[in-house]
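Me: I have a model open on my screen and I'd like to learn how to read it. Can you walk me through it, feature by feature?

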Amino acid sequence: MTNTAPAPTSGVPVGPGLSMFDPIFIGIDEFGQPVYITLAYRNLLAGGEPGGGKSGLLNCIAAHAALSIGSRLVLLDGKLVELGQWEDVADAFIGPDITEALTVLRRLQVVMNNRYAWLRAHGRRKLTALDGLSVITVLVDEIAFYSATVGSKQEQEEFVALLRDLVARGRAAGIPVVAATQRPSFDIIPTSLRDLFGYRAAFRCTTPNSSNIVLGHGWAEQGYSATDIQPTNQGAAYLIAEGGTPQRIKVAYLTDAQIAGIADYATWTRRPTRLSAPDASRLDLGLAA
């Protein structure tokens, strides 16, 4: 759930002491209080016009995941540059190649199915931090690129189907999805997909309808419209959690230099594991884990 709490004054964990089961700091609310989300059992959808701050939110989550123990990253970035600085940390980094994107999503689906078979065998319904299995965080920067721009119609439809399956079933198996789009329209984010995301963040939108497509029907008419966000107020958004009310937030911003520093450190902390298996594929996501 989303929560606002006083900033901690001591005992702040510094990677690799973080966990994807911990609350993730993403910014502040309109009263200046820190805002956290718990992503391990949720998914997050971010939508809004270009330059609104969606990439800033994705980078905050990527930084937490990169510094977390037992965390793995799968990144899909059609532009290569929005999430590109995390490439050395990621188990898979997919650029403008829908064939490779489909291959990785299919592998993730197999991982998910294997994990549910493991949970069933142990009489369980979801993974916990005590299970020792990695949380595989999937970040997609620009859904529309893979679902409506690149590749054939059949490949685009398969991408949407695989993504919907991961969003629908991946949470309890430790595979949360964070996805962003510049085109919040019904052809890109149908209601059947949007409502599967536990968290939804609407950055500046050009029309009330676009804001409603992200947050849910009717919120713009109740005074929660992302059209109210000024174009110069980058990083401002309305964030809604399951069963909640949209909350005005300002997403924390990491500079390119800060991202590079965090990514370098995270890569160094993961280095011993990688060196122990030099022949392992970067796409080996642990089908039995």
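Me: Let's start with helix 4. How many residues does helix 4 have, and how far does it reach from its first C-alpha to its last?

Reply: Before we count, keep in mind that this is a predicted model. Helix 4 covers residues 153-169, which is 17 residues, and reaches 24 Å from first C-alpha to last. That is close to the 24 Å expected at 1.5 Å a residue.

Me: Which residues of helix 4 are buried?

Reply: The general idea comes from the turn. An α-helix has 3.6 residues a turn, so residues three or four places apart point the same way. Now the case here: the buried ones in helix 4 are Q156, F159, L162, L163, D165, L166 and V167.

Me: And what do those buried residues pack against?

Reply: Quite a list. They pack against strand 5, helix 2 (98-121), strand 7, helix 3, strand 8 (177-181) and helix 5 (191-194). F159, one of the buried residues of helix 4, also belongs to a cluster in which ring pairs link F145, Y146 and F159.

Me: Since you mention rings, how many aromatic pairs are there in the whole structure?

Reply: A pair of aromatic rings is described by the distance of the centres and the angle of the planes. A search of the whole structure turns up seven aromatic pairs. Rings can have charged company too: K126 places its charged end over the ring of Y41, 4.3 Å from the ring centre.

Me: Back to helices. Is helix 1 mostly covered or mostly exposed?

Reply: Mostly covered, with 12 of its 13 residues buried. Among them are K54, N59 and H64, along with L57, L58 and I61. As for length, helix 1 reaches 18 Å between its end C-alphas, close to the 18 Å expected.

Me: Which residues have the most contacts inside the largest nonpolar core?

Reply: In soluble globular proteins, nonpolar side chains tend to be buried together. Here the largest nonpolar core has 40 residues, and those with the most contacts inside it are I37, L39, L44, L57, W86 and L139. Helix 1 gives the most to this core, with eight residues. There is also a second, separate core of 34 residues, including M112, I136, A144 and A173.

Me: Let me zoom in on L44. What does L44 touch?

Reply: Setting aside residues up to four places away in sequence, L44 touches I37, L39, L57, I61, V177, V178, A179, F197 and Y199. For the whole chain, take the contacts between residues at least 6 apart in sequence: 68% of them join residues at least 24 apart.

Me: What about the loop after helix 1? Where is S68, and is S68 buried or exposed?

Reply: S68 lies in the loop between helix 1 (54-66) and strand 5 (71-77). S68 counts as buried because its relative accessibility is 5%, and the cut-off for buried is under 20%. A polar atom of the S68 side chain lies 2.6 Å from the backbone oxygen of H64. Beyond its neighbours within four places in sequence, S68 is in contact with L18, S19, M20 and R270. S68 and A266 are 198 residues apart in sequence, yet 8.7 Å apart in space, C-alpha to C-alpha.

Me: And H64, what does H64 touch?

Reply: H64 is found in helix 1 and is buried, with a relative accessible area of 9%. Leaving out residues up to four places away in sequence, H64 touches L18, S19, M20, D22, P23 and I24.

Me: Last topic, backbone angles. Which sign does phi of L80 have, positive or negative?

Reply: Most residues other than glycine have a negative phi, and most peptide bonds are trans. L80 has a positive phi of about 75° although it is not a glycine. L80 is in the loop between strand 5 and strand 6 (92-94), partly exposed at a relative accessible area of 41%.

Me: What is phi of E142, and where is E142?

Reply: Phi of E142 is near 85°, a positive value in a residue other than glycine. E142 is in the loop between strand 7 (135-141) and helix 3 (143-149). E142 is buried, with a relative accessible area of 16%.

Note on methods:
Residues are numbered from 1 along each chain as its sequence is written. This is a predicted model: local features need pLDDT of at least 70, side-chain atom pairs count only at pLDDT 80 or more; totals for chains, interfaces and linings use all residues. Side-chain values use heavy atoms; hydrogens and water are left out. Rings of Phe, Tyr and Trp (its six-membered ring) pair if their centres lie within 6.5 Å; planes under 30 degrees apart count as stacked, over 60 as edge-to-face and the rest as tilted. A charge sits over a ring if NZ of Lys or CZ of Arg is within 6 Å of the ring centre and within 35 degrees of the ring normal. Helices (H or I, at least four residues) and strands (E, at least two) are DSSP runs, numbered from the N terminus. Buried means under 20% relative accessible area, exposed over 50%, partly exposed in between (1.4 Å probe, protein chains only). Contact means heavy atoms within 4.5 Å. A polar contact is a pair of N or O atoms within 3.5 Å; within protein, one must be able to donate a hydrogen and the other to accept it, and residues adjacent in sequence count only if both atoms are side-chain atoms. The expected span of a helix is 1.5 Å times one less than its number of residues. A nonpolar core is a set of buried Ala, Val, Leu, Ile, Met, Phe, Trp, Tyr and Cys residues joined through side-chain atoms within 4.5 Å.
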